[in-house]
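Here is a model to question. Look at the sequence and the structure, then follow the reasoning.

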Amino acid sequence: MFKFKLRFSIIIFLVFIAFTIIGTLSHEYGHILVAKFLGYNTHLSYSSMSYKEKGYYEDAEVKEIFSIVDLYHHEINNNLPFKEKKRFNTLKHSLEKKYQLNFKHIFWIALGGPLQTILTSLIGLCILFYRKTSTKHKLKFLDWLAILLACFISREVYNTFGALVSKFINKERFFTGDEFEISRYLELNQWVIPIITALIGACVMYYILFNVVPKAYRFSFIVSGFFGGISGFVFWNNFLGPIVLP
């Protein structure tokens, strides 16, 4: 049951690194797709995306405030006095009035990321059901690909678990993840949507690991996938990501 297949494990470890990066970017593109549909200009960075109304980056006041931020970013981030602080605050208030937040749009854009993640997982599950993969003893390339796609939903489990750890260890009370924002928009306790999506994700992962992945490969898949996912997250967010998509 706990036999470790070295060659298979190395492959799965490397594949999970790659798919963690792909999953992160595709999740952000879920947000971007909705934002583009709603008419916003968007920007993708390695771990997030931002969106502004069309014409925002061409606005003279925006260009001016960006130039101030470039010069005094340390002072601004640490709320220290600096030469242009009065002008900075004037520009900030002016832009807040000019580009008021549309909370309905914020909701739909926040929803885009989790929907993309869940939809990708659902596509993987549909392929598995169609191919009756759970009844096979020897899986083909398409079966393994479908398994990896279905595992995208593990993001929901990981994010909620990470938030719970922060809540009990760091005593955090307010969380900014997509699912938390969706809960607040729907006027629910902020934990409702994260817990629901995490439970769905946990059920899918249980099905994948204990009903689809062949028993001979199960232990190697779980261990290599777990460490591959963590390695992919660290590698992308701390090394490659900031270089490729600052």
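Q: Which helix gives the most to the nonpolar patch?
A: Helix α8, residues 192-212, gives the most, with three residues. The model is a predicted one. The patch consists of Leu101, Phe103, Tyr185, Leu186, Leu188, Val192, Ile196 and Ile200. Together they have about 730 Å² of accessible area.

Q: Why is Ile200 called partly exposed?
A: Ile200 lies in helix α8. Its relative accessibility is 46%. Buried means under 20% and exposed means over 50%. Ile200 falls in between, so it counts as partly exposed.

Q: What makes Ile193 buried?
A: Ile193 is also found in α8. Its relative accessible area is 17%. The cut-off for buried is under 20%, so Ile193 qualifies. Ile193 touches Glu179, Ile182, Ser183, Leu186 and Leu188, leaving aside residues up to four places away in sequence.

Q: How do you know that the span of α8 agrees with its number of residues?
A: At 1.5 Å a residue, 21 residues should span 30 Å. The end C-alpha atoms of α8 are 29 Å apart, so the two agree.

Q: Which residues of α8 are buried, and why are they said to line one face?
A: The buried ones are Ile193, Pro194, Thr197, Ala198, Gly201, Val204, Met205, Ile208, Leu209 and Val212. Seen down the helix axis, they fall within an arc of 130°, so they line one face. An α-helix has 3.6 residues a turn, so residues three or four places apart point the same way.

Q: What do the buried residues of α8 pack against, and what does the face turned away carry?
A: They pack against α4, α5, α6, α7 and α9. The face turned away from the buried side carries the exposed residues Leu199, Cys203 and Tyr206.

Methods
Residues numbered from 1 in each chain as written. Predicted model: local features only at pLDDT ≥ 70, side-chain atom pairs only at ≥ 80, totals over all residues. Heavy atoms only, no water. Patch = residues over 30% accessible without salt bridge, like charges linked within 9 Å, V, L, I, M, F, W, Y side chains within 5 Å. Areas by Shrake-Rupley, 256 points an atom, 1.4 Å probe, with all protein chains shown as cover. Salt bridge = Lys/Arg side-chain N within 4 Å of Asp/Glu carboxyl O. Helix = DSSP H or I, 4+ residues; strand = E, 2+ residues; numbered from the N terminus. Buried < 20%, exposed > 50% of the residue type's maximum accessible area, 1.4 Å probe, protein only. Expected span 1.5 Å × (residues − 1). Arc of directions from axis to C-beta. Contact = heavy atoms within 4.5 Å.
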